[in-house]
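Here's a quick briefing on a few local features worth pulling up in your viewer. Have the sequence alongside as you go.

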Amino acid sequence: MSRRTSRQARAARARKRDLARSVGREPTSTVVRHRAVVAGFVIALVGLTGRAGYLMVTERDFLKLQGDARSVREVPIPVHRGMIFDRNGEPLAVSAPMAKVWVDPSRTTLTDFDLRRLGVALELDVTRLAARMAAGSPQYANLARRVPPNLVSRVESLDIEGVRIGREYHRFYPAGETVAHVVGRTNVDDVGQEGVELMFNDFLAGVPGVKRILQDRKRQLIKSLGYVRMPEFGEDLHLSLDLRLQFLAYRELKAAVERHGASSGSLVMLDAASGEILALANLPSFNPNDWPNRGVSGVRNRAVADVYEPGSTVKPFAVLAALQSGDYQPETEVDTAPGYFRVGRKLIEDPLNRGRIDVATVVAKSSQVGIAKIALSLPEYAVFDALQQAGFGDLTGSGLPGEAIGELRTDDLDKPIGRATLAYGYGLTVSPLQLARAYLALAAGGVRRDLTILRGAAVREDVVFQEPAVTVLTSMMRGVLEPGGTAPRGRPTGYTAAGKTGTARKVGTSGYDDRSHVAFFAGFAPASTPRIVLVVVVNEPRGGLIGGGVVAAPIFARVAERALRVLGVPPDDATASPADLAAIERRGGRA
């Protein structure tokens, strides 16, 4: 029993020793493994921290740039152009907020189904949308510009991934074709292309701003980070045009061009006291609000860009040269018998033999023979100098785009025929605007002024003619509109006026064409105290009536009478009948 007990005791002690040994080894192994894992983490953390520190010091700018390139964007802030007003504050050009629809082809692929849906929403043909996608850059393709709000809401409702909507402005012209040639237009990027829009583009356009934003990978705005550059909106512009007079001028010119089957026409109205352009109309015209569909017809500002031989409208300046010479007075007689005379190989003739007539009659009857004989009796450069002083062959100062300078040459002044034809309006070319400026010098008593399209702008002035001679000439020019003159139809009811007709043949392929003419009337009213200067040009009238006295002069009469009423100028014609004055009163200032 004792021996057995002894063996059991020894076995128990052996088990305790084995247990003790096993318990002691296990904790040692676990600690080692734990310490190894911790050491690994510490080494990794130190490595990452060191690497981060290294990058923070050596690659900071590069990493910031790369991060910003993926999440920070600088986006433009569109600015609207300044408004254009007439002299009374009526809007001629305004900017309306619109939208553009675009995609980034590098990030977006539109399916045929997407394009069809967009085409319906934007009211565009699918092939056009596909073409615009193909024509864009790898990162930017415009699908539609100048999209109105109702179509924008349609596009937004489609929720097509990658189709984006941006803001822009669209130019709108309330007066449409009536002022198109003066105001001009902008292109799809809102940059001035013609007229005042081009002339003052920098002033009207302003400077777009730039804003920095934070966005996600889908280019959705997360946060605005501030302005890089604040937007500078365009300045407003006030023109010298009076929209009431412009409507009147355009309406009357259009009716006359259609009535006479003419190819084109121009009308210029100036303020006689300041040189401001009150109205400037052309036919044909165009609608700047429908630019994509109007083609190229009618875009040229003919009153500024087209030049003509002015015919008899320059005769007053030849007579002025004669008056200033001291050798002629209104009653000085000129022998025009037998109604023609030859200068070299050129036969100069009147419609009939008027015999001996005075200078006043030469002007009233527009005698070619009489004016040619007067010119040939003067010094070689006398008529040329008068025309040059009036502003022919020079810019008008208006600054309107496309202005033609015309021609006034000295080449043929050493020849009698050169001096004679210059005196009755051949051998030089002028624009309607130049002709208006020349008559402005007569209306202003011999003071030549530059023209301006801006309200209240200061202009250059020069005294170029003797005022007493201009006063005498004005009196003779009133006879043009009297019975027996060349333009009795040009007399505005209730008002005195002074002016001159012109009918010039146009040059064809074989010299001057007797079937192609330009009808002119240039003048000012009231003659006693001029308020407006008016030039009317009707190009190639057809249908039997071709002369300035029957084609252009009636336009002058209607426009001058109504314009003076609009401007509040009281009638000054003492010979007007009570019935005429009552009719004027009934019409009032209606344009």
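In this predicted model, strands E14 (residues 340-343) and E15 (residues 346-349) pair in the antiparallel sense, with four bridges between them. The two form a hairpin, and the loop leading into E14 has a feature of its own, listed below under the cis peptides.

**The hairpin**
- Two residues sit between E14 and E15, and Gly-344 in the turn has a positive phi of about 65 degrees.
- Across the pair, Arg-342 stands opposite Leu-347 in E15.

**Cis peptides**
- Ala-337 and Pro-338 are joined by a cis peptide bond with omega of about 5 degrees; Pro-338 is in the loop between strand E13 (333-335) and E14.
- Another cis bond runs from Ala-525 to Pro-526, with omega near -15 degrees, and Pro-526 is in the loop between strands E22 (511-525) and E23 (532-539).

**Positive phi outside glycine**
- Ser-366 isn't a glycine, yet its phi is positive, at about 55 degrees. You'll find Ser-366 in the loop between helices H12 (359-365) and H13 (368-377), and it is buried, with a relative accessible area of 13%.
- Glu-540 also isn't a glycine and has a positive phi, near 60 degrees; look for it in the loop between E23 and helix H18 (548-551).

**Helix packing**
- The axes of H9 (residues 243-259) and H19 (residues 553-566) come within 10 Å and cross at roughly 165 degrees, so the helices are roughly antiparallel to each other.
- Their crossing is right-handed.
- Contacts include Leu-245, Leu-248 and Glu-252 from H9, and Ile-555, Arg-558 and Val-559 from H19.
- The contact residues divide into eight nonpolar, six charged and no polar.

Methods. Residues are numbered from 1 along each chain as its sequence is written. This is a predicted model: local features need pLDDT of at least 70, side-chain atom pairs count only at pLDDT 80 or more; totals for chains, interfaces and linings use all residues. Side-chain values use heavy atoms; hydrogens and water are left out. Axes are lines fitted to C-alpha atoms, for helices over the stretch in contact, and angles run from 0 to 180 degrees between N-to-C directions. Angles under 35 degrees count as roughly parallel, over 145 as roughly antiparallel, 65 to 115 as roughly perpendicular and the rest as oblique. A crossing is left-handed if the near helix is turned anticlockwise from the far one by less than a right angle, and right-handed if clockwise. Contact means heavy atoms within 4.5 Å. Ala, Val, Leu, Ile, Met, Phe, Trp, Tyr, Cys and Pro count as nonpolar, Asp, Glu, Lys and Arg as charged, and the others, Gly among them, as polar. Two strands pair if DSSP finds at least two bridges between them. Buried means under 20% relative accessible area, exposed over 50%, partly exposed in between (1.4 Å probe, protein chains only).
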